[in-house]
Amino acid sequence: MSVEEIQASYAEYADLMHRFEWVDRLLTGRYRRRRFGDVTGRVLDVACGTGTNFRYLPTTADIVGIDISPEMLAKAERQLDDLGRDGRLERMDAQDLAFEDDRFDAVVSALSTCTFPDPVAALREMERVCKPDGTIRLVEHGRSDVGPIARYQEWRSDAHYEQAGCRWTQEPREVVAEAGLSVTDTRTGLLGIVTTFEIEPR
């Protein structure tokens, strides 16, 4: 999908995703907490969506969230209000971030590379805007390592992409490797579906 098509899809599903965010938190909350819970300073949340990550960031973090969808950003603004937190939200393409180099102490993103038309470009942009002594943290999903689940994902992959713009069977480790990022720690959970990364910028 193009950026415009993804934006249109999110406009349709933003409200649904917000209402069912509790399901997302139930499935991936512990992975987000482990990866994002200790970041400090100025933190960029790339493709922040409805703001699911915000509750897992330390209260001392200076949050900047970006997303391509105005509807998603409206839900993210509500999320900040509900959490009683400050933050700045901007509409922006993750593949072409409008920030100077070395701008953030930490860059986080969750369940996002599967939707970017060019995930490698987006990951390289995350590295560009992260300070050399900072950290990049990812929580991603992909093909399960459990046979029946993986076969179901493969069976539904085309339909899922057409509906939600999500590459359900993408291999996160392959995408991160193609981007040339320096991974210092990676772990997999939820039947092999969720893979998390800690990355050291160059």
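Let me start with the pairing of strand S2, residues 62-67, with S3: four bridges join these two strands, which run parallel, where two strands are said to pair if DSSP finds at least two bridges between them, and where helices (H or I, at least four residues) and strands (E, at least two) are DSSP runs numbered from the N terminus. Within this pairing, Ile66 has Glu90 of S3 as its bridge partner. Everything I describe comes from a predicted model, in which local features need pLDDT of at least 70 and side-chain atom pairs count only at pLDDT 80 or more, while totals for chains, interfaces and linings use all residues. Residues are numbered from 1 along each chain as its sequence is written, and side-chain values use heavy atoms, with hydrogens and water left out.

Over these two strands lies helix H3, residues 70-83, which crosses S2 and S3 and runs at about 175 degrees to S3; axes here are lines fitted to C-alpha atoms, for helices over the stretch in contact, and angles run from 0 to 180 degrees between N-to-C directions. Helix H4, residues 119-129, also packs on the sheet, where it touches strand S1 (42-46), strand S4 (104-110), strand S5 (130-141) and strand S7 (194-200), and its direction makes about 150 degrees with that of S5. Contact, in each of these statements, means heavy atoms within 4.5 Å.

Now to the sheet as a whole. Seven strands form an open sheet with mixed pairing, in the order S3-S2-S1-S4-S5-S7-S6. The edge strands, each of which pairs on one side only, are S3 (88-91) and S6, and neighbouring strands are turned against each other by 15 degrees on average, direction ignored. As a general reminder, strands of a sheet pair through backbone hydrogen bonds, either parallel or antiparallel. Further along this order, six bridges join S4 to S5, which run parallel, and Ala110 has Val139 in S5 as its bridge partner.

For the chain overall, there are six helices and seven strands, and from the N terminus on the elements run α-α-β-β-α-β-β-α-β-α-α-β-β. Of the 202 residues, 50% count as buried, a word that stands for under 20% relative accessible area, with exposed meaning over 50% and partly exposed in between (1.4 Å probe, protein chains only). Among contacts between residues at least 6 apart in sequence, 69% join residues at least 24 apart.

How many of the residues of H4 are buried? Eight of its eleven are, so that this helix is mostly covered, and the buried ones include Val120, Leu123, Met126 and Val129, but also Glu125 and Glu127. These buried residues pack against S1, S4, S5, S7 and helix H6 (172-178). Strand S5 is mostly covered as well, with nine of its twelve residues buried.

His141 is found in S5 and is buried, with a relative accessible area of 11%. Not counting residues up to four places away in sequence, His141 touches a set of residues that includes Leu111, Cys114, Cys166, Trp168, Gln170 and Val194. One of these partners, Leu111, has its place in the loop between S4 and H4; Leu111 counts as partly exposed, at 22% relative accessibility, and has a positive phi of about 50 degrees although it is not a glycine. Ala47, which lies in the loop between S1 and S2, also has a positive phi, of about 55 degrees, and is not a glycine.

In helix H5, residues 147-164, we find Ser157, which is buried with a relative accessible area of 15%. Ser157 and Gln170 are 13 residues apart in sequence and 9.7 Å apart in space, C-alpha to C-alpha.

Finally, the second largest pocket. On a 1 Å grid over the protein atoms alone, a pocket is an open set of points where a 1.4 Å probe fits, with protein on both sides within 12 Å along at least five of seven lines, and lining residues have an atom within 4 Å of a point. About 160 Å³ of space lies in this pocket, where grid points are joined across faces, edges and corners and a volume is the space filled by probe spheres set on the points. Its lining is made by Tyr31, Arg34, Arg35, Asp185, Arg187, Thr188, Gly189 and Thr196. The elements that give two or more residues to this lining are helix H2 (21-36) and strand S6 (182-189), and S6 gives the most, with four residues.
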